[in-house]
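I opened my notebook to record what I looked up in this structure. The entries follow in the order I made them.

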Amino acid sequence: MKRIIYPVLAMLMLFSLADAKVFKAYNGDVDFNHSKHMGLYPCAECHEGPPRPFGIDKAKAHKLCIGCHTKEGVGPTRHCSGCHGNKSKDD
C-alpha cells in the first residue's frame, strides 16, 4: 500500500507546484504559466536534477527565458514589457 500512496502524494505535490507563478521584479512582475511550459518541454530543459522549485534572479531568468524564447522563435523577446507588468499571455 505504501508503494502506491507515496508516489501518488509526490505527484500531487508536483502538480500543486505547477500552477502559474509570479516573479517579482522592480519594473513589473512577470507572470509565468508553468503548467503550459510543462506540457511543451521536458523538465530537464529548465531544472537540473529532479523537478523542484528553484530561485531565479534577473541574470538567470534572462538567460533561461529569453534564451529559450529566442531559440524557439516564440513569445516575447524584444521589449521588457513583453514579460514585465503584464498578466499572463500564456493562458
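**Surface.** I began with the accessible surface of the chain, which comes to about 7,400 Å². Carbon and sulfur atoms hold 64% of that surface. I then looked up burial and found that buried residues make up 13% of the 91 residues in the chain.

**Confidence.** The model is predicted, so I checked the pLDDT before going on. Its mean over the chain is 78, and 75% of the residues reach 70 or more. Among the elements, helix α1 (residues 2-17) has the lowest mean, 59. Helix α3 (residues 58-72) has the highest, 90.

**Secondary structure.** I noted three helices and two strands. Along the sequence I read the pattern α-β-β-α-α. I also looked up the contacts between residues at least 6 apart in sequence, and 42% of them join residues at least 24 apart.

**V30.** I found V30 in strand β2, which covers residues 30-33. Is V30 buried or exposed? Its relative accessible area is 17%, and buried means under 20%, so I put V30 down as buried. Setting aside residues up to four places away in sequence, I listed its contacts as K21, V22, F23, C83 and H84. I also looked up a distance for V30: its C-alpha atom is separated by 9.4 Å from that of S81. Along the chain, V30 and S81 are 51 residues apart.

**P76.** Next I looked at P76, in the segment after α3. Its relative accessibility is 28%, and partly exposed runs between 20% and 50%, so P76 counts as partly exposed. Without its neighbours within four places in sequence, P76 is in contact with H69, G82 and C83. C83 is thus a name I had already written down, in the list for V30. The C-alpha atoms of P76 and C65 are separated by 9.4 Å, and these two residues are eleven apart along the chain.

**H47.** I located H47 in the loop between α2 (34-40) and α3. With a relative accessible area of 14%, H47 falls under the 20% cut-off and is therefore buried. Which residues does H47 contact, leaving aside its neighbours within four places in sequence? I wrote down H34, R52 and F54.

**Second largest pocket.** H47 came up again when I looked up the lining of the second largest pocket. I listed E45, C46, H47, E48, R52, F54, K60 and L64 as the lining residues. R52 and F54, both in that lining, are also contacts of H47. By class, I counted three nonpolar, one polar and four charged residues in the lining. The volume of this pocket is about 180 Å³.

Technical notes: Residues are numbered from 1 along each chain as its sequence is written. This is a predicted model: local features need pLDDT of at least 70, side-chain atom pairs count only at pLDDT 80 or more; totals for chains, interfaces and linings use all residues. Side-chain values use heavy atoms; hydrogens and water are left out. On a 1 Å grid over the protein atoms alone, a cavity is a set of points where a 1.4 Å probe fits but cannot get out, and a pocket is an open set with protein on both sides within 12 Å along at least five of seven lines; lining residues have an atom within 4 Å of a point. Grid points are joined across faces, edges and corners, and a volume is the space filled by probe spheres set on the points. Ala, Val, Leu, Ile, Met, Phe, Trp, Tyr, Cys and Pro count as nonpolar, Asp, Glu, Lys and Arg as charged, and the others, Gly among them, as polar. Helices (H or I, at least four residues) and strands (E, at least two) are DSSP runs, numbered from the N terminus. Buried means under 20% relative accessible area, exposed over 50%, partly exposed in between (1.4 Å probe, protein chains only). Contact means heavy atoms within 4.5 Å. Accessible areas come from the Shrake-Rupley method with a 1.4 Å probe; for residues, only the protein chains shown count as cover. pLDDT is the predictor's confidence in each residue, from 0 to 100.
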